[in-house]
Amino acid sequence: EILELHQFVEGCSGYFQCRACRMLPLDLRAFGSISLGRPSVEFVQNHSKICRGEVFCLDHLAKTMKEFIKTETNINSSILLQPRFKVIIREIVAHNEILVEVFTHGVEAVMKKKSDADFATPGLWKKLPNKVSYEKVADAFEGFIVTTTDLFGKLGEFTLLLRYLQSICPALSVPAEVLASSAAAKKRA
C-alpha cells in the first residue's frame, strides 16, 4: 500500500499524516504532512520527496519573517541576529541556545537561500516547552523595541511576528484581550 510505503498513517479523526514528521509542530514540518481525507498517491509522494522526518523545515518560518519584514520599513533579515531579538526567541524556547540559533541564524540562512544543513535538528522538538509565558515574551519584545528605532508598539500589534513566534512554539498562548485590542486598533487605522 502506497500510504504505508511512504509512512502515512490514518489518525483517529479520519485524517492522514506522515509518521516520520508527525511529532513536529505543524509549521516546522515540510508541506503536505497532513491530509484531511485519504491522500492521493501524488500527494503522498510529493510530501515524501521533501519530508525531513524529525528535522525542522524552516521554510514556513522564513516565509512568515519575509512577510513581516515587508510590512515594516527599514528592517531586514538581520533583525533575526540582533541580540535583543534573540532574547525574545530565548523566552519562546525555554533558554535552549541550540534552538535560539536555529530560529535566528537558521531561518536567516533559509531566507538568504543558504543551506540550512548546519542546523540539523533531529529530536530537538522534544526541547520545545509545553508552556510559554506571554508576559515574559512581551517584556522581551519591549526590551527589543527600545533598541530598534524602526518599530513602535506592543507585541500584540505585530500579528506576523506573533505568527512567527507561535509557529516556533505553539505553546505560546496570546491572551484574548491582547488579540481583541490588536483587532480594534487595526479597525481604527
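These exercises walk through a predicted model of one protein chain.

**Exercise 1. The overall layout**

Describe the chain by its helices and strands, its buried share and its contacts.

Solution.
- Start with the elements. The chain has 8 helices and 3 strands.
- Put them in order. Along the sequence the pattern reads α-β-β-β-α-α-α-α-α-α-α.
- Turn to burial. Of the 189 residues in the chain, 46% are buried.
- Finish with contacts. Take those with a separation of 6 or more; 63% of them join residues 24 or more positions apart.

**Exercise 2. The largest nonpolar core**

Find out how many residues the largest nonpolar core has and which elements supply at least two of them.

Solution.
- Count the members. The largest nonpolar core has 53 residues.
- Pick out those with the most contacts inside this core. They are Phe56, Met65, Ile79, Phe85, Phe103, Tyr164 and Leu165.
- Now list the suppliers. At least two core residues come from each of these: strand E2 (16-18), helix H3 (59-71), helix H4 (83-92), helix H5 (97-111), helix H6 (134-145) and helix H7 (159-168).
- Zoom in on Met65. Leave out residues up to four places away in sequence. Met65 then touches Ile79, Leu80, Phe85, Met111, Leu161 and Tyr164.

**Exercise 3. One face of a helix**

Work out which residues of H4 are buried and how they are arranged around the helix axis.

Solution.
- Name the buried residues. In H4 these are Phe85, Lys86, Ile88, Ile89 and Ile92.
- Look down the axis. The buried residues of H4 fall within an arc of 150°, so they line one face of the helix.
- Ask what they pack against. The partners are H3, H5, H6 and H7.
- See what follows the helix. Ala94 comes after H4, and its phi is positive, near 55°.

**Exercise 4. Cysteines without a bond**

Decide how many disulfides the structure holds and how far the nearest cysteine sulfur is from Cys18.

Solution.
- Begin with the total. The structure holds 0 disulfides.
- Check Cys18. The nearest cysteine sulfur belongs to Cys51 and is 3.8 Å away.
- Apply the cut-off. A disulfide needs two cysteine sulfur atoms within 2.5 Å. Cys18 is in no disulfide.
- Add the surroundings. Cys18 has a relative accessibility of 2% and counts as buried. Cys169 is buried too, with a relative accessible area of 1%.

**Exercise 5. A buried serine**

Place Ser167 in its element, then list what it contacts.

Solution.
- Locate the residue. Ser167 sits in helix H7.
- Judge its exposure. Buried means under 20% relative accessible area. Ser167 has 2%, so it is buried.
- Look for a polar partner. A polar atom of the Ser167 side chain lies 2.8 Å from the backbone oxygen of Arg163.
- List the remaining contacts. Set aside neighbours within four places in sequence. Ser167 is then in contact with Pro25, Asp27, Leu28, His60 and Leu61.

**Exercise 6. Salt bridges**

State how many salt bridges the whole structure has, then examine the one between Arg163 and Glu67 and two others.

Solution.
- Take the count. A search of the whole structure finds 5 salt bridges.
- Examine one pair. The side chains of Arg163 and Glu67 form a salt bridge, at 3.5 Å from N to O.
- Ask what this pair links. Arg163 lies in helix H7 and Glu67 in helix H3, so the salt bridge ties together parts 96 residues apart in sequence.
- Compare with the surface. Arg163 is partly exposed at 39% relative accessible area, and Glu67 is partly exposed at 28%.
- Move to Glu97, in helix H5. Its salt bridge is with Arg90, and their closest N and O atoms are 2.6 Å apart. Glu97 is partly exposed, with a relative accessible area of 41%.
- Note a position as well. The C-alpha atoms of Glu97 and Lys86 are separated by 9.5 Å, and these residues are 11 apart along the chain.
- End with Lys112 and Glu108. Their salt bridge has its closest N and O atoms 3.0 Å apart. Lys112 is partly exposed at 46% relative accessibility, whereas Glu108 is buried at 8% relative accessible area.

Key: Residues are numbered from 1 along each chain as its sequence is written. This is a predicted model: local features need pLDDT of at least 70, side-chain atom pairs count only at pLDDT 80 or more; totals for chains, interfaces and linings use all residues. Side-chain values use heavy atoms; hydrogens and water are left out. A nonpolar core is a set of buried Ala, Val, Leu, Ile, Met, Phe, Trp, Tyr and Cys residues joined through side-chain atoms within 4.5 Å. Buried means under 20% relative accessible area, exposed over 50%, partly exposed in between (1.4 Å probe, protein chains only). Helices (H or I, at least four residues) and strands (E, at least two) are DSSP runs, numbered from the N terminus. Contact means heavy atoms within 4.5 Å. The arc is that of the directions from the helix axis to the C-beta atoms. A polar contact is a pair of N or O atoms within 3.5 Å; within protein, one must be able to donate a hydrogen and the other to accept it, and residues adjacent in sequence count only if both atoms are side-chain atoms. A salt bridge is a side-chain nitrogen of Lys or Arg within 4 Å of a carboxyl oxygen of Asp or Glu.
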